[in-house]
Amino acid sequence: MSKKVIIIGSGIAGISSSLKLKSYGINSTIVDKGNFIGGRISTRELKSDSSSSFFFHGAQFFTAKTHNFKKIIQKGIREKYIKEFGNFNPKRFRGNKTMRDFLLNLSKELHIQQKVKITQIEPDNNRINVFDSKIKEWISYDGVISTLPAPQNYDLLNQFPSLQKTLKTGSYHACIALMFTFDEIPSGLNTYYDFYKKPGILSWMASGSNLNVWTAHTNEKFSDLNYHKDKNFLKEKIMSSIKQFFFSSKIKFHSLHVWRYAKVAKKCLGPQIDPKYPVAIAGDFLEGPNVEAAFISGNKAANLIFDRLK
């Protein structure tokens with residue numbers, strides 16, 4: 001099928017959409033305003049003289065319940081760009097050697113353009129025009145799938161009120177991620193510490209590519225109340241909580257990252273595709289707060305666009 005489809009967002013939902021369209025013979029273009037693919041499946045590099053270590057400051061792992069996503073993971077394990085993480089039930093998985101490697105391998109046959117921001121989308125008879133702010137031009141497509149977080153999608157899709165109605169029904173928790181290292185790695189470290197039901201401001205802490213690089217995420221209550229505050233204030237509060245846990249070890253602050261739209265608090269309800277135009281939405285905000293949910297949503301959006309373009 002000779003159709004031209006653009007997918008906005010190079011996270012797991014966008015990549016899933018593109019893979020599904022490719023299986024139908026439709027080659028799509030993924031665009032993203034960021035420097036790297038992945039969205040909230042994020043990696044940050046710490047370079048040393050002889051090697052690099054990697055913080056995973058977004059999603060720490062992914063699980064699989066559905067047949068299709070299990071096949072993706074099994075293939076990644078065979079080809080060594082996915083590995084099991086820890087000893088959990090149900091099993092948890094990570095990219096190998098970084099979280100981003102998972103998506104780099106999954107998307108290696110897809111057409112992806114980073115540092116491209118779409119700022120407007122408008123219907124034009126049976127086609128859809130998008131405005132590329134990088135080249136400052138309107139480009140015409142047969143179909144569009146947008147995988148931005150729901151509030152950003154709401155603003156972008158102001159010409160599509162039925163989709164806006166869907167997007168308005170959901171909500172997110174913020175999240176604050178602090179990355180740190182040890183002067184000397186303590187003995188007996190686990191790779192993951194869960195504070196979800198414990199007092200304090202932390203939700204969890206996890207190691208990255210080795211036991212010297214760590215990320216701590218704050219819990220929903222603290223994040224929602226404080227994500228907009230001064231970063232020095234956030235740094236001091238979070239470092240204080242980390243030091244209370246690793247009280248006998250010297251830790252070093254590396255960096256801080258604030259996710260305004262981190263974890264889905266309430267799923268969006270309503271149509272995933274416009275009733276008239278070939279414009280669809282995808283993301284975890286439609287299915288649930290995890291990596292597999294975003295993958296499922298991307299598949300569904302691709303199916304809807306394919307059916308509309310037949």
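This is a chat about a predicted model, covering a pocket, a helix, two cysteines and a few single residues.

Colleague: Let's start with the second largest pocket. What volume does it have?

Modeller: The second largest pocket has a volume of about 300 Å³.

Colleague: Which residues line it?

Modeller: The lining of the second largest pocket is made by Ser16, Leu19, Lys20, Lys22, Ser23, Asn68, Lys71, Ile72, Lys75, Phe295 and Asn299.

Colleague: How many are nonpolar, polar and charged?

Modeller: Three residues of that lining are nonpolar, four are polar and four are charged.

Colleague: And which helices supply at least two residues each?

Modeller: Helix H1 (12-23), helix H2 (67-78) and helix H9 (291-309) do.

Colleague: Which one gives the largest share?

Modeller: H1 does, with five residues of the lining.

Colleague: Then stay on H1. What span should its twelve residues have?

Modeller: They should span 16 Å, because each residue counts for 1.5 Å. The C-alpha atoms at the two ends of H1 are 16 Å apart, so the model agrees with that.

Colleague: Which residues of H1 are buried?

Modeller: Ile12, Ala13, Gly14, Ile15, Ser16, Ser17, Ser18 and Leu21 are the buried ones. Ser16 also lines the second largest pocket.

Colleague: What covers them?

Modeller: The cover includes strand S1 (5-8), strand S2 (28-32), helix H3 (99-106), strand S11 (143-146) and H9. H9 also supplies at least two residues of the pocket lining.

Colleague: Which residue with a positive phi follows H1?

Modeller: Gly25 does, and its phi is near 90 degrees.

Colleague: You mentioned H3. Where does Leu106 sit?

Modeller: Leu106 is in helix H3.

Colleague: Is Leu106 buried or exposed?

Modeller: Leu106 has a relative accessible area of 11%, so this leucine counts as buried. The cut-off for buried is under 20%.

Colleague: What is Leu106 in contact with?

Modeller: Ile12, Ile15, Leu19 and Ile72, leaving aside neighbours within four places in sequence. Ile12 and Ile15 are among the buried residues of H1. Leu19 and Ile72 are among the residues that line the second largest pocket.

Colleague: How far is Leu106 from Leu202?

Modeller: They are 96 residues apart in sequence, and their C-alpha atoms are 32 Å apart in space.

Colleague: New topic. How many disulfides does the structure hold?

Modeller: Zero.

Colleague: Why is there no bond for Cys175?

Modeller: The closest cysteine sulfur to that of Cys175 is in Cys268, and it is 19 Å away, so it is too far for a bond. A disulfide needs the two sulfur atoms within 2.5 Å.

Colleague: Are those cysteines buried or exposed?

Modeller: Cys175 counts as buried because its relative accessibility is 9%. Cys268 counts as buried too, at 3%.

Colleague: Now Gln164. Which helix is it in?

Modeller: Gln164 lies in helix H5 (residues 161-167). At 13% relative accessibility, this glutamine counts as buried.

Colleague: What does Gln164 touch?

Modeller: Tyr154, Leu157 and Asn158, not counting residues up to four places away in sequence.

Colleague: Last one, Ser50. Where does that lie?

Modeller: Ser50 lies in the loop between strand S3 (44-47) and strand S4 (52-55).

Colleague: Buried or exposed?

Modeller: Ser50 is exposed, with a relative accessible area of 70%. The cut-off for exposed is over 50%.

Colleague: How far is Ser50 from Asn153?

Modeller: Their C-alpha atoms are separated by 42 Å, and the two residues are 103 residues apart along the chain.

Key: Residues are numbered from 1 along each chain as its sequence is written. This is a predicted model: local features need pLDDT of at least 70, side-chain atom pairs count only at pLDDT 80 or more; totals for chains, interfaces and linings use all residues. Side-chain values use heavy atoms; hydrogens and water are left out. On a 1 Å grid over the protein atoms alone, a cavity is a set of points where a 1.4 Å probe fits but cannot get out, and a pocket is an open set with protein on both sides within 12 Å along at least five of seven lines; lining residues have an atom within 4 Å of a point. Grid points are joined across faces, edges and corners, and a volume is the space filled by probe spheres set on the points. Helices (H or I, at least four residues) and strands (E, at least two) are DSSP runs, numbered from the N terminus. Ala, Val, Leu, Ile, Met, Phe, Trp, Tyr, Cys and Pro count as nonpolar, Asp, Glu, Lys and Arg as charged, and the others, Gly among them, as polar. The expected span of a helix is 1.5 Å times one less than its number of residues. Buried means under 20% relative accessible area, exposed over 50%, partly exposed in between (1.4 Å probe, protein chains only). Contact means heavy atoms within 4.5 Å.
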